[in-house]
Amino acid sequence: DINKESFYTLEWMPVLSLRASYGYNGNLISSITVVTTFFYLSNAPYTNLNYAQISNIGNPDLRWETTGITNLGIDFGTSNNTITGSFEYYFKKGSDLLGFKSFPENSGITTLEGNYSSMVGHGFDLSVTSHNLNGIVKWYTTLLFSHATDRVTHYDVTPLSSQLVGATGSTVPNVGRPVYAYYGYKWGGLDSKT
């Protein structure tokens, strides 16, 4: 609480405080395992015998996805709480995120899912509330403004152009771009002859 410090002398803004926090958390996806898993089926084509099919190739290097978040905030209020508000800024860094890594084709697989990706993001939130009327009739106005950006900093597999424009129904991360970016082909206009 800055307003409680001896050097603070702004009488028109009796409320001014700073907030800061750092958090670190992890995430585990249960659909990917350390060991190879498979399931049994019956009536194989041509042989009519029981058989097994691999559902997940094991990755012994799996670990938790980790995300560190830094938050900084300022809360303020004028005399009689005529105007109150807050400004918050955050920075987020994700590492060991799940993604795909390319492998030589002679290994039997072309890609393997594991902790091969990373991203960063940052943004801010501004909230300002004014108390316009505070008698029998009460009137408050609140202004909210937010902005957030993120980008992929590492992803091993280079996406095909068809994957970038979302032709497959899902997006593939592209280094240097937003995590869930959608792309489109540049409009070429209409040809009057065709």
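# Briefing on a predicted β-rich model

Ser 117 has a relative accessible area of 8% and is therefore buried, as this falls under the 20% cut-off. The structure is a predicted model. Its secondary structure comprises one helix and seven strands, and five strands form an open sheet. The points below cover the overall form, the sheet, the residues around Ser 117, the aromatic pairs, two asparagines with positive phi, and Val 15.

**Overall form**

- From the N terminus on, the elements follow the order β-β-β-β-β-β-β-α.
- The radius of gyration of the protein is 27 Å, whereas the globule rule gives 16 Å for 194 residues; the protein is therefore more spread out than a compact globule.
- The C-alpha trace spans about 85 × 60 × 35 Å along its principal axes.
- Of the 194 residues, 23% count as buried.
- Among the contacts with a separation of 6 or more, 54% are made by residues 24 or more positions apart.

**The open sheet**

- The strands of the five-stranded open sheet are arranged in the order 1-4-5-6-7, and their pairing is antiparallel.
- Strand 1 (15-27) and strand 7 are the edge strands, each of which pairs on one side only.
- From one strand to the next, the twist averages 10 degrees.
- Strand 1 and strand 4 (residues 65-77) run antiparallel and are joined by 13 bridges.
- Across this pairing, Ser 21 stands opposite Asn 71 in strand 4.

**Ser 117, Tyr 155 and the nonpolar core**

- Ser 117, the buried residue named at the outset, is found in strand 6.
- Leaving aside residues up to four places away in sequence, Ser 117 touches Ser 95, Asp 96, Leu 97, Leu 98, Gly 99, His 154 and Tyr 155.
- Two of these partners, Leu 97 and Tyr 155, belong to the largest nonpolar core.
- That core has seven residues in all: Leu 97, Met 119, Val 152, Tyr 155, Val 157, Val 172 and Val 179.
- With the same exclusion of sequence neighbours up to four places away, Tyr 155 touches Gly 99, Phe 100, Ser 117, Val 172, Pro 173 and Val 175.
- Gly 99 is thus a contact of Ser 117 and a contact of Tyr 155, while Val 172, touched by Tyr 155, is a member of the core.

**Aromatic pairs**

- The structure contains three aromatic pairs.
- In one of them, the ring centres of Phe 38 and Tyr 40 are 5.7 Å apart and the planes stand at 85 degrees, so the pair is edge-to-face.
- Phe 38 counts as partly exposed because its relative accessibility is 46%, whereas Tyr 40, at 66%, is exposed.
- Phe 124 and Phe 145 form a tilted pair, with 5.7 Å from centre to centre and 40 degrees between the planes.
- Because Phe 124 lies in strand 6 (residues 111-134) and Phe 145 in strand 7 (residues 138-154), this pair ties together parts that are 21 residues apart in sequence.
- Phe 124 has a relative accessible area of 22% and is partly exposed; Phe 145 is likewise partly exposed, at 45%.
- Together with Phe 87, these two phenylalanines make up one aromatic cluster.

**Positive phi at Asn 80 and Asn 81**

- Most residues other than glycine have a negative phi.
- Asn 80 departs from this pattern, with a positive phi near 60 degrees.
- Asn 81 also has a positive phi, of about 55 degrees, although it is not a glycine.
- Asn 80 is located in the loop between strand 4 and strand 5 (83-102), and Asn 81 is found in the loop between strand 4 and strand 5 as well.
- Asn 80 counts as exposed because its relative accessibility is 76%, whereas Asn 81, with a relative accessible area of 40%, is partly exposed.

**Val 15**

- Val 15 is found in strand 1, which is one of the edge strands.
- Its relative accessible area of 36% makes Val 15 partly exposed.
- Not counting residues up to four places away in sequence, Val 15 touches Asn 3, Asp 75, Phe 76 and Gly 77.
- The C-alpha atoms of Val 15 and Tyr 185 are separated by 51 Å, and the two residues lie 170 residues apart along the chain.

Definitions and conventions: Residues numbered from 1 in each chain as written. Predicted model: local features only at pLDDT ≥ 70, side-chain atom pairs only at ≥ 80, totals over all residues. Heavy atoms only, no water. Core = buried A, V, L, I, M, F, W, Y, C linked by side-chain atoms within 4.5 Å. Buried < 20%, exposed > 50% of the residue type's maximum accessible area, 1.4 Å probe, protein only. Contact = heavy atoms within 4.5 Å. Phe/Tyr/Trp six-rings, centres within 6.5 Å; stacked < 30°, edge-to-face > 60°. Helix = DSSP H or I, 4+ residues; strand = E, 2+ residues; numbered from the N terminus. Pairing = 2+ DSSP bridges. Axes fitted to C-alpha atoms, helices over the stretch in contact; angles between N-to-C directions. Rg over C-alpha atoms; globule rule 2.2 N^0.38 Å.
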